[in-house]
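Here's a quick walk through a structure, with the cores up front and a sheet and one acidic residue to follow. Have a look at it before reading on.

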Amino acid sequence: MTRVPEDFRTITPQLTVNGVGSAIEWYSKALGANELLRNMAPDGTSVMHAELLLGDSRFFVVDEFPEGAKSPRSLGGSGVTLHLYVEDVDTMFDRAVAAGAEVLLPVTDQFWGDRYGMLADPFGHRWSIASRIEDLSPKALQERAATWAKENAHE
Amino acid sequence: MVISNADHKPLSGDAPEPAGRVTITPAVFQIMVALADGELHGYGIMQDVDRVTNGETKIGPGTLYRSIQRMVVDGLIEELDIALDGEADDDRRRYYRLTERGRAVATAEANRLAMLVDAARERRLIPKRSGRKR
């Protein structure tokens, strides 16, 4: 048996929310996540661990506990953005917004070769969603970024 | 850890498909091979993998059910409606079978691997088959 479970990628985010039940419902409906398991805390109502599948990746969702990480709602912001690559960014983005996500950046073609948008889910977590539309070399990306910075410098 | 109140139900028909691509891990391929002859329950899949690899590969229950969840979501396998042993609450007695799509994906992957193994044989990475009738 390998010590790295085959079905996990190297990095697995754990999202702290207020209300895992409704969060899982939202991630399922809006993003297409699928729940594998849910472990209740000793209090019988909070969830200490839940595991979801999203595309080929997994993420954990946990309720906020006094001794644990704070939810974005408690923090009044989030220091992390979760980035998704999908086949059809527009469909997924529209679905998330229809389900109640807040648009931070509408989907647009970006200089780095992605069609890309950003949103905040109803629990305060930030997501960027993109589809790759141009396959650029690192050199081309550097040039595009430099051009973009120059063009936006005077603003 | 319990596998769960959260059933292995496929996504509802209008749910988005975030990845849109099928990931064939070694365990996923082994499960498809195990199901090629017909439906099996989880424990039966684990036994089959053990048998066809002469005990060299074992799929543990965690890998098994994570793979199964992904395969159901990807439409490669489906869970049978009936619990053949009448033990619906026992995850190890849930039965699974290949879908049409799953069979096509498994066949394509088997062909891909067979080509690679043939090439490896040609280049003496592994011995040529002896005693094979031509």
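Which residues touch the most other members of the largest nonpolar core? In this predicted model, they are A:Tyr27, A:Leu31, A:Phe59 and A:Trp127, out of 29 residues in that core. A nonpolar core here is a set of buried Ala, Val, Leu, Ile, Met, Phe, Trp, Tyr and Cys residues joined through side-chain atoms within 4.5 Å, and buried means under 20% relative accessible area (1.4 Å probe, protein chains only). The top contributor is α1(A), with seven residues. Another core lies apart from it, with 22 residues, including B:Ala27 and B:Leu98.

As for bookkeeping, local features need pLDDT of at least 70 and side-chain atom pairs pLDDT 80 or more, while totals for chains, interfaces and linings use all residues. Residues count from 1 along each chain as written, chains are lettered from A and ligands numbered from 1 in written order, and side-chain values use heavy atoms, without hydrogens and water.

Now the sheet: chain A has an open, mixed one of four strands, ordered β5-β8-β7-β6. Its edge strands, each pairing on one side only, are these:

| Edge strand | Residues |
|---|---|
| β5 (chain A) | 81-85 |
| β6 (chain A) | 102-109 |

Strands are DSSP runs of E, at least two residues, and they pair given at least two bridges. β5(A) and β8(A) run parallel, joined by five bridges; in one of them, A:Leu82 partners A:Trp127.

Finally, A:Asp7 sits before β1 of chain A and is buried at 5% relative accessible area. Its side chain makes a 2.6 Å polar contact (N or O atoms within 3.5 Å, one able to donate a hydrogen and the other to accept it; residues adjacent in sequence count only if both atoms are side-chain atoms) with that of A:Arg58.

Terms used:
Buried means under 20% relative accessible area, exposed over 50%, partly exposed in between (1.4 Å probe, protein chains only).
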